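The exercises below ask for a careful reading of a multi-chain model, and each task is followed by a solution that goes step by step. Please keep the sequence and the coordinates at hand while working through them.

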Amino acid sequence: MEEAFAKLDIRKPENIVYKRTDLLVDRPLSYCPGCGHGVANRILMETIEEMGIQDKTIGISPVGCSVLAYDFMNIDMLGAAHGRAPALATAIKRLWPDHFVFTYQGDGDLAAIGTAETIHACNRGENITIIFINNAIYGMTGGQMAPTTLEGMRTATCPYGRDVKIMGNPLKITELISQLPGTYFVTRQSVHTPVNARRAKKAIRMAMENQKLNKGVSFVEIVSNCNSGWKMTPNQANKWMEENMFPFYPLGDLKVDGKLVEKK
Amino acid sequence: MTEEIIIAGFGGQGVLSMGKILAYSGVMQNKEVSWMPSYGPEMRGGTANVTVIISDERISSPILNEFDTAIILNQQSMDKFEKSVKKGGLLIYDPNGITRKPSRKDINIYSISATDKAGELGLSKIFNMIVLGGFLKMKPLVNPENIHKGLEKSLPKRHHNLIPENEKAIELGKSLLTPEQVL
Amino acid sequence: MGELRLMKGNEAVAEAAIRAGCDGYFGYPITPQSEILEYLMMAKPYETTGMVVLQAESEVASINMLYGGGGTGKMVMTSSSSPGISLMQEGITYMAGAELPALLVNVVRGGPGLGTIQPSQADYFQAVKGGGHGDYKLIVLAPASVQEMCDFVKLGFDLAFKYRNPAMILSDGAIGQMMEKVNLFDPIPRRTNEELISQCPWAATGKKKERDHIIITSLDLDPAGQEKVNLKLQAKYKQMEENEVRFEEIQCDDAEYLFVAFGLSARICQKSIELAREKGIKIGLFRPITLYPFPTKQIAALAKKVKGMLVVEMNAGQMIEDVRLSAGNQIKIEHYGRFGGIIPTPDEVVRALEQKIIGG
């Protein structure tokens, strides 16, 4: 009991080193322990809080693991049909040009069923932010092959590993997107370490700030893990991601201020 | 008064725009009107037709199986619509390109050599207005003032300088109309 | 008041949208309704009223743009023709489930499949029975003239917002393409964002301090919750059935027989009435204007007064099912239809009446 009171005593503003943002609803997340979604949700909401734009932000959640993101994000949100978030965002931004509009989508949503909406929203240069969580698998439905599943990688629908001769190649949609004149900022980040999470948050901040410039799509891919779907522990999953995902999906900016970043 | 008209010919002859000018003139004269075209790919070079109805009362069906007047501008349309003229009705046709003349004995038939005349004058674009003039001579449903307004409403502003020419063509058509069979 | 013009049905829809204070049109070209998007692009309302006009990459994108716009309380609409409307079904059921207002215009062409570009009424079932999945209803308005194409845009928006439900104008290629005299209503200014926020407290417009965050979704993973959603929808549909039935009766007072027809077929039947009455047949026309909610009670009452009904449709027999359900089986009710883009002529309708109802 004494200990508990002692804890309360140190809860003073000047002592706070970390606080859950008010823009995350106080309820348990539905994401698996160890999954990157939780951190991605948090840094996105922190960014909106820091920018002071909660009352002017409209978010769109997808179908997939983050289908319930609207339950966690304390902002006005719409749940889109599978893959259609960029179409919703297009209309909302055009109808509310002084609002901040983002989509939050997974790889199946953005790069398979919603490829047309993604490409055309990006190509039209809609003044929106797209957050793309790429974990190379369909987590929500039980770990099936995604468009971004790596060659040889095992999933429920490629149990012997992705054979590109039969199943086609993993899609580098972010590279593709970066080539479109309608995109202004395209970057690939991760959130599996504090350093990476800080970088990713900086990228999200830029992607949201860019909407004030009206220069086109800002696109932030976050390469993430899926320890449940990959059938690994969180630590194993992060290690596997570093060793296998990052070589194929290298981190860093692809396009800044409307200009492609030259590869070193 | 209700006048039910079919105008039929080739796409490009101005069949639809003739109908539109007639219909718009009707609107300006406070009539009820409908203009129902055949539409789609058949318009390009194939046959085109439009049903125009001008009436003092609310118009029932814009789609008809018989007509008070048929204005026929090619042979296919003659084959198709001669039989659709109501008994005692009116058929006006341009003999240009007609290989089989109308044969009905129970309708009024007039010809109008609008194609030849328009070619002679080098004014093929106002061919349809010559034909319209022929029709208006027989059925003066709308007065010249409202035809003028109809032309203004139907033609894009950049073509408004051509309105006097169109009006002259209508007058010319009235004089060109030739009776072939009058009941 | 108003303004008289000779317009195509499609053009009237476009002009009416601008005048009704529509906030956004999102669509994809398809014959026979492309004039709607063409007219809007020519009129450039984004420079005058501020209405957004966008050619989307597909009908799938169009309907989801409506979901986005409707979810934020904006007056949004799309238009298409049958194959395009089929593509939109997913978005339509999501919007019905999330209770979002929007106006859809279907300028129907003959099907199935790619079918034909000529007029048809074969999308009746799709429109009124729910073309997408789940128990939902659209408010369905069937215009029979270019004037109604114009007026139903405003009516459709009014009903869509009154009930927070998508409304559809179910027209056809002939009404879309034909020109008639239209009395255009005076322009209504678009709502300001402040007006929208006060009138649509349910809309996602950005979270305000004084209220909880708003979630627009059709998802409720808890079956008990989802059943509640369904019960709420059904209660709403009942309200529509009680309050929004619209129909027209023409020469029904002394009628021994009735045509029952909607849209273009109803126009044709009006001519058939003239022809039949010349022959001494006492016939009238009952025209449902709202196909959902359907004028069930009115048809039931008429069934007690007449000897028979001929349901005339440009399809293989769709609305006749609702007519029979309404009328019961005390009188003879038959169907006459043409399909695949063929429009019945007034005289063939009279022949069908004589053969199927009077003689039969």
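**Exercise 1: Backbone outliers in chain C**

With 20 C-beta neighbours inside 10 Å, C:Glu99 counts as buried, where buried stands for 20 or more other C-beta atoms within 10 Å of a residue's own, exposed for 12 or fewer and partly exposed for what lies in between, with C-beta atoms placed from the backbone. The model is predicted, and local features need pLDDT of at least 70, side-chain atom pairs count only at pLDDT 80 or more, while totals for chains, interfaces and linings use all residues. Residues are numbered from 1 along each chain as its sequence is written, and chains are lettered from A and ligands numbered from 1 in the order in which they are written.

Task: determine where C:Glu99 and C:Gln251 are found, and describe the cis peptide bonds that precede C:Pro32 and C:Pro293.

Solution. Step one is to place C:Glu99, which is found in the loop between H4 and E5 of chain C; helices (H or I, at least four residues) and strands (E, at least two) are DSSP runs, numbered from the N terminus. Although C:Glu99 is not a glycine, its phi is positive, about 55°. Step two turns to C:Gln251, in the loop between strand E10 (247-250) and strand E11 (257-260) of chain C, which likewise is not a glycine and has a positive phi of about 50°. C:Gln251 is partly exposed, with 16 other C-beta atoms within 10 Å. Step three concerns the prolines: a cis peptide bond with omega about 5° joins C:Thr31 and C:Pro32, and C:Pro32 lies in the loop between E2 and helix H2 (35-43) of chain C. The bond from C:Tyr292 to C:Pro293 is also cis, with omega near -5°, and C:Pro293 belongs to the loop between E13 and helix H11 (296-303) of chain C.

**Exercise 2: A helix and a sheet**

Task: describe the geometry of helix H6 (residues 146-163) of chain C, and then give the strand order of the open sheet of 7 strands in chain C.

Solution. Step one is the span: the 18 residues of H6(C) reach 25 Å from the first C-alpha to the last, close to the 26 Å expected at 1.5 Å a residue, the expected span being 1.5 Å times one less than the number of residues. Step two is the kink of about 30° centred on C:Phe152, where the bend at a residue is the angle between axes fitted to the seven residues ending there and the seven starting there. The buried residues of H6(C) include C:Phe152, C:Val153, C:Leu155 and C:Gly156, and the helix is followed by C:Arg164, whose phi is positive, near 45°.

Step three is the sheet, whose order is E3-E2-E4-E5-E7-E6-E13 with mixed pairing; two strands pair if DSSP finds at least two bridges between them. E3 and strand E13 (290-292) of chain C stand at the edges with a single partner strand each, so one side of each is left without a neighbour in the sheet. Within this order, strand E5 (residues 102-108) and strand E7 (residues 166-172) of chain C pair in the parallel sense over 7 bridges, and C:Val107 stands opposite C:Ser171 in E7(C).

**Exercise 3: Contacts between chains**

Task: which of the 2 pairs of chains that touch has the most contacts, and which elements of chain C give two or more residues to the side that touches chain A?

Solution. Step one: the most contacts are between chains A and C, a contact being two residues whose C-beta atoms, placed from the backbone, lie within 7 Å. No contact joins chain A and chain B, whose closest C-alpha atoms lie 29 Å apart. Step two: 31 residues of chain C are in contact with 29 residues of chain A. On the chain C side, two or more residues come from each of strand E2 (24-27), strand E3 (52-55), helix H3 (59-71), helix H4 (82-98) and strand E9 (215-216), and the largest share, 7 residues, comes from H3(C). Step three: strand E2 (residues 76-79) of chain A is joined to E9(C) by 2 bridges, and the two run parallel, with C:Ile216 as the bridge partner of A:Leu78.
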